[in-house]
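This report examines selected features of one protein model, taking cysteines, strand pairing, internal cavities and a helix residue in turn. The sequence and structure are shown first.

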Amino acid sequence: MPDANTALLAARPSQTRLSTATLDRLAPGVERPAYDRAAVTPGIVHIGLGAFCRAHLATYTDDVLATGDKGWGIVGVDPLSPAIRDALKPQDCLYTLLVREENRDRLRLMGSFLDAMATADQLDEVLALMATPEIRIVTLTVTEKGYCQDAATGALDETHPLIRSDLADPAKPRSVPGLLAEAIRRRRAAGVAPFTVLVCDNLAQNGIKVRGIVVRYAELRDPDLAAYIAGQVGFPCTMVDRITPATQDADRATVEEATGCVDAWPVVSEPFKQWVIEDRFPLGRPAWEKAGAILVEDVHPFELMKLRCLNGAHSLLAYLSVIAGIGTIAEAMADPQLPAVMRRLWVEDLIPTLPPVPGTDIPAYTAALETRFRNPGIRHRTVQISSDGSQKLPPRLLEPARELFAAGKVPAVIPLAVAAWMRFLLEQDEAGTAYTVADPLAAALTGIARSHAGDAGALAAALFAIEDIFAPELTAEDAFRDAVIRHLDSLMTVGVAKTLAAFLAIP
């Protein structure tokens, strides 16, 4: 993607680049920030500069800034690569949000990110900023794997290479837990109250989970620091929702044509967005409720509904679609079989595991999800959703399967989804087209798949043995194991369409 940005800009050197100085050249239909950016000061550091935060957190905060509360600008920090920083800095961190609906596009220029940094070459600057009193909240979207967690337990993976590196040199952290702990240590040493850590990733009980990870890291580094973090730092839970596909060159071209300016890294999203936040911010927060956020005492029912119904359905659709050669979720929803399988996943396996959600009709929620999935303007690539399955399957699908067995029920569709993931690890779709498995355990998983490519039972058994993914009490259930192996054998021998036809024929 960085190479694509560089090529895009180099190929059109005479074109106008988006920036503060070129705002007057934007086409009149583009929405602009409804406030003076020069008057805004930073109050939030956001770690993880991917598309989601720039379509979600940025939008809510942009709306708050427009109300006149100018102390909550965002400084974005990329912990992996300087690529997005290098794309945004020449644009004064302005970028276009392309909201895609079936019949029209809405373009909005986002101004809530005031600066962009990268830990790769600005670590000292990042830590210095995080230690200033003005920064009262640190938000994060670094994906499940960014927290260096053990996928099976959700606790800190104490053998993770980044954690080992940070414990050896804690003043120069490379991991997210190490970065948070060092910034909090510096604030404490300077007599500055700790910021609130607001996790915006799709983890069950995300604030509680990341608090445990950071506290454990700190225990390994300095027990006194760990006690301080445990007692003084807020980690409210959140639930976030907005479908945000990866930006493509075609999206950049659309933005350039519509705005009249080159934008190196715009963001694409659906119209829908939702944010549920536990209201625990000792140093204050933006009035995100003015922008539509829902502030609650307990976010758990909301996040469980979203994690299972939306993300669980996405995983099911993604793995079946990739191996069938279906490129996007909207195309999957046009398939004659996949939507019916998805509905059965909701009705038979997932909704029965959910607690009541305040103010929410869950069947109506899933019906709305289906409408969102069908939006042809959102080209949410199935191979993108397929990433990090070893991290995503446990909270999305394996946990509800365990709960069903504990309640004396047998999951009907989850074994099919698990079988689809196992078949996906073969790195080749039914037409013989290769793809790449993106996963922290990719080398091990694809190696297992290659070793047992012709034997569904052996492949399943080898993968079931990975306790970082599969809890032993789940794989001890004969009904689960047998169903996964049966579906996997069918997917490997007769393919997706015939497998789904046989599955749907069984009431």
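## Cysteines

Cys200 counts as buried, at 5% relative accessibility. Cys53 is buried as well, with a relative accessible area of 1%. In this predicted model, the structure holds zero disulfides.

Why does Cys53 form no bond with Cys200? The sulfur of Cys53 has its closest cysteine sulfur in Cys200, 8.9 Å away, which is too far for a bond. A disulfide requires a pair of cysteine sulfur atoms within 2.5 Å. Viewed from the other partner, Cys200 is in no disulfide, and its nearest cysteine sulfur is that of Cys53, at 8.9 Å. In general terms, a disulfide is a covalent bond between the sulfur atoms of two cysteines.

## Strand E10 and its neighbours

Strand E10 spans residues 274-278 and is mostly covered, with five of its five residues buried. In a regular strand the side chains alternate between the two faces of the sheet. In E10, Gln274, Val276 and Glu278 lie on one side, while Trp275 and Ile277 lie on the other. Both faces are covered, and the residues on each are all buried.

E10 pairs with strands E8 and E11. Strand E8 (residues 238-241) runs antiparallel to E10 and is joined to it by four bridges. Within this pairing, Val240 stands opposite Trp275 in E10. Strand E11 (residues 294-296) pairs with E10 in the parallel sense, over three bridges. Here Ile277 stands opposite Leu295 in E11. Trp275 and Ile277, which belong to one face of E10, thus appear in the pairings with E8 and with E11, respectively.

## Internal cavities

Rolling a probe the size of a water molecule over the atoms shows where empty space is left. How many cavities of 30 Å³ or more does the model contain? The count comes to three.

The largest cavity has a volume of about 70 Å³. Its lining consists of Asp201, Asn202, Leu203, Ala204, Asn206, Thr238, Met239, Val240, Glu303, Lys306 and Leu307. The elements that give two or more residues to this lining are E8 and helix H11 (300-324). By residue class, the lining of the largest cavity divides into five nonpolar, three polar and three charged residues. Val240 is therefore a point of connection between two parts of this report: the residue lines the largest cavity and stands opposite Trp275 in E10.

The second largest cavity has a volume of about 50 Å³. Ile243, His314, Ile329, Ala330, Arg372, Phe373, Asn375, Ile378 and His380 line this cavity. Helix H12 (329-333) and helix H14 (362-373) each supply at least two residues of the lining. The residues of this lining comprise five nonpolar, three polar and one charged.

## Val176 in helix H7

Val176 lies in helix H7, which covers residues 176-189. Is Val176 buried or exposed? At 5% relative accessibility, Val176 counts as buried, because the cut-off for burial is under 20% relative accessible area.

Leaving aside residues up to four places away in sequence, Val176 touches Leu140, Val142, Gly146 and Tyr147. Relative to strand E10, Val176 and Gln274 are 98 residues apart in sequence and 25 Å apart in space, C-alpha to C-alpha. Gln274 is itself one of the buried residues of E10.

How values were computed:
Residues numbered from 1 in each chain as written. Predicted model: local features only at pLDDT ≥ 70, side-chain atom pairs only at ≥ 80, totals over all residues. Heavy atoms only, no water. Buried < 20%, exposed > 50% of the residue type's maximum accessible area, 1.4 Å probe, protein only. Pairing = 2+ DSSP bridges. 1 Å grid on protein atoms, 1.4 Å probe; cavity = no way out; pocket = protein on both sides within 12 Å on 5 of 7 lines; lining within 4 Å. Points joined across faces, edges and corners; volume = space filled by probe spheres on them. Nonpolar A, V, L, I, M, F, W, Y, C, P; charged D, E, K, R; others polar. Contact = heavy atoms within 4.5 Å.
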